[in-house]
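This report concerns the aromatic residues of a single model. Please consult the sequence and the coordinates while reading.

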Amino acid sequence: MTHDPSPAAPGAAEPLPPGGGAAAPGTARLSTFATSAEGIYGLIIVAGMIVVSRNLTASSGEALLSVIATLLVFFAAHVYAAAVSWMADHPERDGGIGSAIRHGLHESLGLLGLAAVPVLILFLGFAGVLHDAFAVWMALGADVLLLAIVGWVIAGTRTPSVWARLGGALVTASFGGILIALKALIHH
């Protein structure tokens with residue numbers, strides 16, 4: 001016998017139907033992708049490479065090439081490490097190297113996802129849509145802003161406190177901010 005819950009009290013929110021509160025599959029995947037450790041790590045790699053490459057080169061195109069090459073190497077290394085680790089942790093699973101690589105790809109996609117925004121901005125500098133120096137600084141600013149947003153969202157999954165969310169945003173953004181400060185000190 002099933003128990004039918006009583007209707008909500010007047011003025012109270014109606015209970016959600018089963019599955020009604022779940023995010024759409026694409027939204028849930030994007031949220032997981034955007035708040036992954038790999039997403040944060042990808043943004044930090046991009047900021048670091050922009051700082052280093054821009055101080056050694058004169059164009060956003062060269063910075064873009066350096067960032068893309070570094071991201072791809074880190075992505076490949078991360079896929080490999082995740083696949084090997086998965087095989088070691090799950091020896092009972094059948095599926096071999098193909099399953100392990102699929103797992104590694106799934107685990108590592110966050111590294112490229114959020115990094116696409118500052119990479120796109122660098123591309124706009126390379127294409128001449130933005131001035132080189134402006135593109136570099138804008139890419140760094142977007143990187144820090146994305147880090148702050150990720151910190152805010154992650155803290156929000158744990159607490160509704162605005163102060164905790166601000167703290168999460170500040171701590172996460174500080175990784176990019178530190179790299180920007182280093183760029184300013186090294187460049188000037």
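The following paragraphs treat the aromatic pairs and then a tryptophan.

The model is predicted. It holds 2 aromatic pairs. In one of them, Tyr41 and Phe74 meet edge-to-face, with 6.0 Å from centre to centre. Their planes stand at 70°, and the edge-to-face class applies because this angle is over 60 degrees. The pair connects distant parts of the chain: Tyr41 belongs to helix H2 (residues 37-56) and Phe74 to helix H3, with these positions 33 residues apart in the numbering. Tyr41 is partly exposed, at 37% relative accessibility, and Phe74 is likewise partly exposed, at 33%.

Phe123 and Phe126 also form an aromatic pair, and this pair is tilted. Both residues lie in helix H6 (residues 116-126), where they are 3 residues apart, about one turn of the helix. Phe123 is partly exposed at 42% relative accessibility. Phe126, at 54%, counts as exposed because its value is over 50%.

The geometry of the pairs is set out below.

| Pair | Centre to centre | Angle between planes | Class |
|---|---|---|---|
| Tyr41 and Phe74 | 6.0 Å | 70° | edge-to-face |
| Phe123 and Phe126 | 6.1 Å | 45° | tilted |

Is Trp86 buried or exposed? Trp86 is buried, because its relative accessible area of 11% is under 20%. Trp86 sits in helix H3 (residues 60-89). From Trp86 to Ile97 the C-alpha to C-alpha distance is 10.0 Å, and the two residues are 11 residues apart in sequence.

Methods: Residues are numbered from 1 along each chain as its sequence is written. This is a predicted model: local features need pLDDT of at least 70, side-chain atom pairs count only at pLDDT 80 or more; totals for chains, interfaces and linings use all residues. Side-chain values use heavy atoms; hydrogens and water are left out. Helices (H or I, at least four residues) and strands (E, at least two) are DSSP runs, numbered from the N terminus. Buried means under 20% relative accessible area, exposed over 50%, partly exposed in between (1.4 Å probe, protein chains only). Rings of Phe, Tyr and Trp (its six-membered ring) pair if their centres lie within 6.5 Å; planes under 30 degrees apart count as stacked, over 60 as edge-to-face and the rest as tilted.
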